[in-house]
Amino acid sequence: MFNKEKKIEKIIEWGREKRTNKIVKLASHKDPEIRIAVAKACKHLRNGEGYLVLTNLVRDEEVAVKKEAIISLGKFGRTEAISHLLHIKESETDEEIKAVCQEAVDELHRGARE
């Protein structure tokens, strides 16, 4: 367990360091906790690859991964994510995911006004 926690911390650190290639390689990892860390790291990348990874992770079968990817998209700063998030919100049946989508959209709107 300790090694896994260290790996998760390292992935998030790679995001802060903009180590895109290392993060992208883990985006389809079998462990959902690793994919959650990838989503958290991607919000720091602010590049096309990070955006693409997040737009793929919002369709993950694991709710926790999907939720973290949505949150990261909201923090990513790209207003083009708004239409993507609204589409997810409209097609989603999980109320928590719908709420997280709305929060991410609101955050992107606030960022666009600043």
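# Exercises on an all-helical predicted model

In this predicted model, I11, V38, I70 and L85 touch the most other members of the largest nonpolar core, which counts 35 residues. The exercises start from that core and move outwards.

## Exercise 1. The core and its suppliers

Determine which helices each supply at least two residues of the core, and which helix gives the most.

Solution.
- Step 1. Start with the residues that touch the most other members: I11, V38, I70 and L85.
- Step 2. List the suppliers. Helices α1 (2-16), α3 (32-45), α4 (48-57), α5 (63-76), α6 (81-91) and α7 (95-113) each provide at least two core residues.
- Step 3. Rank the top supplier. Helix α3 gives the most, with eight residues.
- Step 4. Set this against a general trend. Nonpolar side chains tend to be buried together in soluble globular proteins.

## Exercise 2. The surroundings of I70

Find the residues in contact with I70, leaving aside neighbours within four places in sequence.

Solution.
- Step 1. Recall that I70 is among the core residues that touch the most other members.
- Step 2. Apply the contact cut-off, heavy atoms within 4.5 Å.
- Step 3. Read off the partners. With neighbours within four places set aside, I70 contacts V58, L85, I88, I97, V100, C101 and A104.
- Step 4. Check for overlap with the core list. L85, a partner of I70, is also one of the residues touching the most other core members.

## Exercise 3. The fold as a whole

Describe the order of elements, then judge how compact the protein chain is for 114 residues.

Solution.
- Step 1. Count the elements. The protein chain has seven helices and zero strands.
- Step 2. Write the order from the N terminus: α-α-α-α-α-α-α.
- Step 3. Compare the radius of gyration with the globule rule. The radius is 13 Å and the rule gives 13 Å for 114 residues, so the protein chain is as compact as a globular protein of that length.
- Step 4. Add the extents. Along its principal axes the C-alpha trace spans about 35 × 30 × 20 Å.
- Step 5. Add burial and contact range. Buried residues account for 42% of the 114 residues. Of the contacts with a separation of 6 or more, 59% join residues 24 or more positions apart.

## Exercise 4. Surface and charge

State what share of the accessible surface belongs to carbon and sulfur atoms, and how far apart the centres of the positive and negative side chains lie.

Solution.
- Step 1. Take the surface. The accessible area of the protein chain is about 6,600 Å², and carbon and sulfur atoms hold 49% of it.
- Step 2. Count the charges. There are 23 positive and 21 negative side chains.
- Step 3. Locate the centres. The centres of the two sets are 5 Å apart.

## Exercise 5. Buried or partly exposed?

Classify T55, V105, E49 and T79 as buried or partly exposed, and give their contacts beyond four places in sequence.

Solution.
- Step 1. Fix the cut-off. Buried means under 20% relative accessible area.
- Step 2. Take T55 in helix α4. T55 is buried because its relative accessibility is 9%. Its partners are L73 and H84.
- Step 3. Take V105 in helix α7. At 3% relative accessibility, V105 is buried. V105 touches I82, L85 and L86. Its C-alpha lies 8.7 Å from that of S83, 22 residues away in sequence.
- Step 4. Take E49, also in helix α4. At 43%, E49 is partly exposed. E49 contacts T20, N21 and V24. The C-alpha atoms of E49 and N21 are 8.8 Å apart, with their positions 28 residues apart in sequence.
- Step 5. Take T79, in the loop between α5 and α6. At 38%, T79 is partly exposed. T79 contacts L108 and A112.

## Exercise 6. Positive phi outside glycine

Give the loop in which K18 lies and the loop in which R46 lies, then state the phi value of each residue.

Solution.
- Step 1. Place K18 in the loop between α1 and α2 (20-25).
- Step 2. Give its phi. K18 is not a glycine, yet its phi is positive, about 60°.
- Step 3. Add its exposure. At 47% relative accessibility, K18 is partly exposed.
- Step 4. Place R46 in the loop between α3 and α4.
- Step 5. Give its phi. R46, likewise a residue other than glycine, has a positive phi near 55°.

Terms used
Residues numbered from 1 in each chain as written. Predicted model: local features only at pLDDT ≥ 70, side-chain atom pairs only at ≥ 80, totals over all residues. Heavy atoms only, no water. Core = buried A, V, L, I, M, F, W, Y, C linked by side-chain atoms within 4.5 Å. Buried < 20%, exposed > 50% of the residue type's maximum accessible area, 1.4 Å probe, protein only. Helix = DSSP H or I, 4+ residues; strand = E, 2+ residues; numbered from the N terminus. Rg over C-alpha atoms; globule rule 2.2 N^0.38 Å. Areas by Shrake-Rupley, 256 points an atom, 1.4 Å probe, with all protein chains shown as cover. Lys, Arg positive; Asp, Glu negative; His and termini not counted. Charge placed at Lys NZ, Arg CZ, Asp CG, Glu CD.
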